Amino acid sequence: MAQRPPSPDADVFGDDLDEVLGRANPNPNRIGCPPRDTLVELARRTRPMDDPAYQHLLKCSPCYREVRALQTQAAPARRAPRVAPAAWMALAAALILMVLVGGVLWQRSGQQPGLAAPVVARNEPPAVVAPPPASTVTPPVRTELDLRKFSVFRSGEAQRPPQEVVTLPAGLVDLTLLLPVGSEPGAYEVQLLDSDLKSIAGGRGTGEVRNFVTTVRVSLDLTKAPKGAHQLAVRRQDDQWRLFAARIE
């Protein structure tokens, strides 16, 4: 007796596809999963073949297994109208090919499945990619100035006798100032002035009391500051400037 040909409504996914899609994408957090009503419609094949929900089955093994379970449990009498098996076979073949190719690319390149790997033409050496140039940015020089030992005078006052000079390096400076006794915490502005009291560089910082000393940390760009004598001007917000003799070396 000749064997009966498979019914057009027969399951066309097959054990191989079940094995691949049922394990390939665990998705434990069920990200992007459609509601159960949609999975039921997928199992009954009542949605159009181009419905994006079918594509989700490629990315989510839990949803794929749930759809397969619904198909297995469904009685033949309750199945939806017949769908051309050729279309299902084409979809199944495409899904298997995408999963297998994605797995090979992931194993070879260390990338996640679905990300395109670089294509190198046969019989041609791969292009040599030059390493990126080394960074030429010079890191800031951390400098601390203790101003507690200096006498200070405010801008506009009569010139005081010469005092000890603080030294600053050229370039980018990460400057920490230990302010004179009595300096209050708050917002501070720091300026480096030339001999004509014109600003060369400046920065802002917050004065905080650390170990009973008001300390301010600012960044100054002294890359274009000429070497020699200058004035370091410091003031608390809305207060007058206090000047300190400084030198760039």
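The legends below walk through several close-up views of a predicted model.

**View 1. The largest nonpolar core gathers residues from several strands.** This core holds 23 residues, and L177, L222 and L232 are the ones that touch the most other members. Strand 3 (166-168), strand 4 (171-178), strand 5 (186-193), strand 7 (213-222), strand 8 (228-236) and strand 9 (242-248) each give two or more residues to the core. Strand 7 supplies the largest share, with 4 residues. As background to this view, nonpolar side chains tend to be buried together in soluble globular proteins.

**View 2. L222 and its neighbours.** Here we zoom in on one of the residues that touch the most other members of the largest core. Leaving aside residues up to four places away in sequence, L222 touches L168, P169, A170, G171, V173, L192, A201 and I248. Apart from the largest core lies another one, made of 14 residues, and L42, A53, L57 and V67 are among them.

**View 3. Strand 9 pairs with strand 3 and with strand 8.** How much of strand 9 is buried? Of its 7 residues, 5 are buried, so the strand is mostly covered. With strand 3, the pairing runs in the parallel sense over 3 bridges, and T167 stands opposite R247 in strand 9. With strand 8, the pairing is antiparallel and extends over 7 bridges; there, L232 stands opposite F244 of strand 9. Strand 8 and strand 9 also form a hairpin, with 5 residues between them. While you are looking at the turn, find D238, which has a positive phi of about 65 degrees.

**View 4. E189, a buried residue of strand 5.** The place of E189 is in strand 5. Is E189 buried or exposed? Its relative accessible area is 12%, and because buried means under 20%, E189 counts as buried. Its side chain makes a polar contact with the side chain of Q191, at 2.9 Å. Not counting residues up to four places away in sequence, E189 touches G203, R204, A233, V234, R235 and W241.

**View 5. T215, a buried residue of strand 7.** T215 sits in strand 7, the strand that gives the largest share of the largest nonpolar core. With a relative accessible area of 5%, T215 is buried. The side chain of T215 reaches the backbone oxygen of V213 at 3.3 Å. Around T215, and again leaving out residues up to four places away in sequence, the residues touched are T176, L177, L178, T206, G207, E208 and R210. L177 may look familiar, as it is one of the residues that touch the most other members of the largest core.

**View 6. Helix 2 and its buried residues.** Which residues of helix 2 are buried? They are T38, L39, L42 and A43. These residues lie on the same side of helix 2, because they cover an arc of only 140 degrees around the axis. They pack against helix 3 (52-59) and helix 4 (61-73). Just after helix 2 comes R45, which takes a positive phi of about 65 degrees.

**View 7. L39 in helix 2, with E66 for company.** L39 belongs to helix 2, which spans residues 36-44. At 2% relative accessibility, L39 counts as buried. Along the chain, L39 and E66 are 27 residues apart, while their C-alpha atoms are separated by 7.6 Å. Setting aside residues up to four places away in sequence, L39 touches P34, C63, E66, V67 and L70. Of these names, V67 is among the residues of the 14-residue core.

**View 8. Buried cysteines without a disulfide.** Both C60 and C63 are buried, each with a relative accessible area of 0%. Why does C60 form no disulfide? The closest cysteine sulfur to that of C60 belongs to C63, and it lies 3.6 Å away, too far for a bond. For C63, the closest cysteine sulfur is in C33, at 3.5 Å, and this too is too far for a bond. The cut-off behind this reasoning is 2.5 Å between the sulfur atoms. By this rule the model has 0 disulfides.

Methods. Residues numbered from 1 in each chain as written. Predicted model: local features only at pLDDT ≥ 70, side-chain atom pairs only at ≥ 80, totals over all residues. Heavy atoms only, no water. Core = buried A, V, L, I, M, F, W, Y, C linked by side-chain atoms within 4.5 Å. Buried < 20%, exposed > 50% of the residue type's maximum accessible area, 1.4 Å probe, protein only. Contact = heavy atoms within 4.5 Å. Pairing = 2+ DSSP bridges. Polar contact = N/O pair within 3.5 Å; in protein donor to acceptor, adjacent residues only side chain to side chain. Arc of directions from axis to C-beta.
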